[in-house]
Amino acid sequence: MQGPAGAFNQLLSTFNVFTVLTWKEVIRFAKEGNPKPDRVVERTEEEWRAQLTPEEYRVTRLKGTERAFSSEMCSLFEPGLYGCLCCDTLLFDASEKFESGTGWPSFTQPIKENAIAYHGDFSYGMQRIETVCNVCGAHLGHVFPDGPAPSRLRYCMNAVSLKKVKVPNETV
Ligand SMILES: [Zn+2]
């Protein structure tokens, strides 16, 4: 027999896909291994060079950082989705984008838990968590624990690593 509480819990578990990712989980992913991606895209360095501009290649494949305030994407907040420049995997929903004032587009959550992989980055004497596309390994930027509630995460992204994806009118 299932009472109202059981039915309610069942309903809740249906919506569990929207669980908010927190810093604790980000650290766990970086230390113990990342969630499995839906697919894997692998290309040679030559193929990436042929596909990307030198600046895109430098940021996404060589872990570069674009100049702050170099992209109009920082101040764009129209609805839509953001995908990986290199492999088109959907990474962020515009509803999770916020004005961080850093000069880089900033988000509080990825679109799916397994869209992004996390690696400890100890370069330049800092301890940071690098974010990469979990499908093709493109460098996206870093994630920090000083974002807005409820996740408190700030995905600090290179605009050049992202592409805005148009959402068909019939969705949502
Ligand atoms: Zn990718």
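**Exposed loops, a paired sheet and a nonpolar core**

With 12 C-beta neighbours inside 10 Å, Phe69 counts as exposed, since a residue is exposed if it has 12 or fewer. Phe69 lies in the loop between helix H4 (54-61) and S1. Its backbone also deserves a look: phi of Phe69 is near 60 degrees, a positive value in a residue other than glycine. The model discussed here is a predicted one.

A second residue invites the same kind of reading. Arg152 has 14 C-beta neighbours inside 10 Å and therefore counts as partly exposed. Its phi is near 65 degrees, again positive in a residue other than glycine. Arg152 is placed in the loop between S7 and S8, and Pro150 is found in the loop between S7 and S8 as well. The peptide bond leading from Ala149 to Pro150 is cis, with omega near 5 degrees.

Stepping back to the whole chain, the secondary structure comes to four helices and nine strands. The order from the N terminus is α-α-α-α-β-β-β-β-β-β-β-β-β. Of the 172 residues in the protein chain, 28% are buried. Among contacts between residues at least 6 apart in sequence, 59% join residues at least 24 apart.

Helix H4 offers a neat example of one-sided burial. Its buried residues are Glu56, Val59 and Thr60. These residues cover an arc of only 85 degrees around the axis, which puts them on the same side of H4. Strand S7 is included in what covers the buried residues of H4. Just after H4, Lys63 takes a positive phi of about 55 degrees.

Next comes the sheet that involves S1. Three strands form an open sheet in the order S2-S1-S9, with antiparallel pairing. S2 and strand S9 (162-165) stand at the edges with a single partner strand each, so one side of each is left without a neighbour in the sheet. On average, and with direction ignored, neighbouring strands of this sheet are turned by 35 degrees against each other.

The pairings can be followed residue by residue. S1 and S9 are joined in the antiparallel sense over four bridges, and Gly83 has Lys163 as its bridge partner in S9. Between S1 and S2, the antiparallel pairing runs over three bridges, with Tyr82 standing opposite Phe92 in S2. The hairpin of S1 and S2 has five residues between the strands, and in this hairpin Asp88 takes a positive phi near 70 degrees.

The interior of the protein can be described through its nonpolar residues. The largest nonpolar core has 30 residues, and those with the most contacts inside it are Cys84, Leu91, Ile116, Cys133, Ala138 and Met157. At least two residues of this core come from each of helix H2 (23-32), strand S1 (81-84), strand S2 (90-93), strand S5 (116-121), strand S6 (128-133), strand S7 (139-144) and strand S8 (154-157). Cys84 gives a handy view of this packing: leaving out residues up to four places away in sequence, Cys84 touches Thr89, Leu91, Cys133, Val135, Cys136 and Ala138.

Methods
Residues numbered from 1 in each chain as written. Predicted model: local features only at pLDDT ≥ 70, side-chain atom pairs only at ≥ 80, totals over all residues. Buried ≥ 20, exposed ≤ 12 C-beta atoms within 10 Å, placed from the backbone. Contact = placed C-beta atoms within 7 Å. Core = buried A, V, L, I, M, F, W, Y, C linked by C-beta atoms within 7 Å. Pairing = 2+ DSSP bridges. Axes fitted to C-alpha atoms, helices over the stretch in contact; angles between N-to-C directions. Arc of directions from axis to C-beta.
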